[in-house]
Amino acid sequence: MKTWSPDFLLQEFGKRMDEWVHLTMDRTVRLAVTGLNQSGKTVFTTTLIHQLLHALQGSNLPSFLVTLENRLQGAKVMLQPDMDVPTFQYDRYIRALLGTKPTWPVPTDALSEIRLAIRFKPSGLLSKRISPTTTLYLDIIDYPGEWLLDLPMLSLSFEAWSAQTFQLCEEEPRLSLSASWRHDLANLPLSRPAQDETLRRISEAYTEFLLACKHPTIGLSFLQPGRFTIPGDLKGAPLLTFCPLPPPDADGVVVGSLREEMGKRYESYKKFIIETFFKRHFSRFDRQIVLLDLLNALNRGPGAFSDMQTALEAILENFRYGPSNLLSRLFYPRIDKLLFAATKADFVAANQHHNMERLLRRLVARPANDASFLGVEIQTQALSSLRCTRTVVRDHEGRRLSFVQGIPKGRKSESLLFPGEIPETVPDAHEWDANRFNFMDFEPRRPSDAEGPFPPHIRLDQALEFLLGDKLR
Ligand SMILES: Nc1nc2c(ncn2[C@@H]2O[C@H](COP(=O)(O)OP(=O)(O)OP(=O)(O)O)[C@@H](O)[C@H]2O)c(=O)[nH]1
Ligand SMILES: [Mg+2]
């Protein structure tokens, strides 16, 4: 429990003052690394930090002007702003990624945070006079992608959210996958007094439905509530025991009934879980990168692809966009630069990156237009935080083809693969035959001697320049 002693108040005041000074001096960037589960957030954050920490040792960031112009003076991980949030385990992740037997991070199941201080020499004459060296603080949080799916629930009542879920369940694959849960629901005495055991059983059936939709062979994204699939420290909590319900009959909602209790639990979930998560961590961003795993979405077929688009659009409606100025930074922070990145560009040969970017632009056209309308600067690009393959061009049956060479996931040695072509536009329904897309996942790869000690990437430097370049002038 907090004691409001003079010491505590002084400390808090000092902390806030510090934050305000950084903000007013435009020296803190709160970067939203946004992406559905397995889109590459943890790998992106880890490699970004690693590249910045080692940039002075000659890292490979040619488009990041502060390094190119030799103005970078170093970077350091600092004490993070929130003492009660676990620290992002950068050391552990990078050791695993670059170790003798490199491994990917396990899926994230809790929130964590990191602050990086980037010290540099300003480029402007005036700023140089005022201060020959300046520090930019970069704050990033990492969290399970599933939790993002909760944000759109904030604006929905229990009835509206239930109706939306039932509408989604009218189509395959949700129609079949939800059959067992809907069958249980049909036998539930919704107007009778609520019993904990019944609430637990039906919410478990609903969770099983969500997990079946999430299974890699199905690969749906728009699965709410996010904590049902990744509960974190809420596993088994009563807050997670509700599910969508069909509309009430003419008698309405009976006081003390199972139906009323479900509605109450939904509202509590919104208040205690989503609002806290959102207000504390998601309402104060300055810049945003949205990571999209387009290639795995293509692998999973038209249903999963459009479900990812629906989820993305619903999520992005919850962020605040618009040009930023001193007052807005203090009282109403807004995102003024937004980068859409198609991740894992190393799955395909370099000659496919152009198509990958065009497809990405189509996919995010609506949210990009909405943000741009509000005055936000937008960029779209293909990116790989950690390049695990090389492009190899070979003659094959009289044609010059581009292959990728890397270690496919689950194997021990390298193979040469022809990943095929990425369409420039979202394919029509008849163009998705069963085997059209089969992009492979790869194992992480240690940099070769020729590449130096720095993990190779694809356009991570361009992403850094877009997101931070102007703050490092
Ligand atoms: N080839 C390649 N694979 C990548 C890259 N980045 C991520 N991956 C793959 O994508 C998987 C997921 O990456 P993460 O960074 O853990 O994804 P996440 O968004 O943090 O996922 P959650 O924690 O589940 O929300 C990894 O296990 C890798 O298989 C990349 O740059 N190249
Ligand atoms: Mg993660």
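**The shell around ligand 1 and the fold that carries it**

In this predicted model, helix α2, which covers residues 41-53, contributes three residues to the shell around ligand 1, the largest share of that shell. The shell holds 24 residues, of which Lys41, Thr42, Trp104, Thr108 and Gly145 come nearest to the ligand. By class, the shell around ligand 1 is made up of nine nonpolar, eleven polar and four charged residues.

Thr108, one of the residues that come nearest to ligand 1, is placed in the loop between α4 and β3. Thr108 counts as buried because it has 22 C-beta neighbours inside 10 Å, where 20 or more are required. When neighbours within four places in sequence are left aside, the contacts of Thr108 are with Thr42, Asp142, Tyr143 and Pro144, and Thr42 is itself listed with Thr108 among the residues nearest to the ligand. Asp196, by contrast, lies 88 residues from Thr108 in sequence, and the C-alpha atoms of the two residues are 30 Å apart in space.

Helix α4, which comprises residues 90-98, has Tyr90, Tyr93 and Leu97 as its buried residues. These three lie on the same side of α4, because they cover an arc of only 75° around the axis. The other side of the helix carries Asp91, Arg92 and Arg95, which are exposed. The cover over the buried residues of α4 includes helix α2 together with the strands β2 (72-78) and β3 (112-120); helix α2 is also the element that gives the largest share of the shell around ligand 1.

A contrasting case is helix α17, residues 460-468, which is mostly covered, with nine of its nine residues buried. The buried residues of α17 include the nonpolar Leu460, Ala463, Leu464, Phe466, Leu467 and Leu468, and they also include Asp461, Gln462 and Glu465. Against these residues pack the helices α2 and α3 (65-68), as well as the strands β1 (28-35), β5 (287-292), β6 (337-342) and β7 (377-382). Helix α2 is thus named both in the packing of α17 and in the cover of α4.

Taken as a whole, the protein contains 17 helices and ten strands. Its radius of gyration is 24 Å, close to the 23 Å that the globule rule gives for 473 residues, so the protein is as compact as a globular protein of that length. The C-alpha trace spans about 80 × 75 × 45 Å along the principal axes, and 40% of the 473 residues count as buried. Among the contacts between residues at least 6 apart in sequence, 77% join residues that are at least 24 apart.

The protein is divided into domain 1, assigned to residues 6-147 + 279-388 + 452-472, and domain 2, assigned to residues 154-277. The centres of the two domains, taken over C-alpha atoms, are separated by 33 Å, and the contact between them takes 18 residues from domain 1 and 15 residues from domain 2. On the side of domain 1 that touches domain 2, α11 (258-282) and α13 (302-316) each supply at least two residues, and α13 gives the most, with six residues. This side of domain 1 has eight nonpolar, four polar and six charged residues.

Several local features of the backbone remain to be described. Most residues other than glycine have a negative phi, and most peptide bonds are trans. A cis peptide bond nevertheless joins Glu172 and Pro173, with omega at about 0°, and Pro173 is placed in the loop between α6 (158-168) and α7 (174-177). Another cis peptide bond joins Gln224 and Pro225, with omega at about -5°, and the place of Pro225 is in the loop between α9 (196-214) and α10 (226-229).

A positive phi is found in Glu397, a residue other than glycine, where the angle is near 45°. Glu397 is in the loop between β8 (390-396) and β9 (399-406), and it counts as exposed because it has 5 C-beta neighbours inside 10 Å. Arg459 also has a positive phi, of about 60°, although it is not a glycine. Arg459 lies in the loop between β10 (415-417) and α17, and this residue is buried, with 20 other C-beta atoms within 10 Å.

Key: Residues numbered from 1 in each chain as written. Chains lettered and ligands numbered in written order. Predicted model: local features only at pLDDT ≥ 70, side-chain atom pairs only at ≥ 80, totals over all residues. Near = placed C-beta within 6 Å. Helix = DSSP H or I, 4+ residues; strand = E, 2+ residues; numbered from the N terminus. Buried ≥ 20, exposed ≤ 12 C-beta atoms within 10 Å, placed from the backbone. Arc of directions from axis to C-beta. Contact = placed C-beta atoms within 7 Å. Rg over C-alpha atoms; globule rule 2.2 N^0.38 Å. Domains from an automatic or database assignment.
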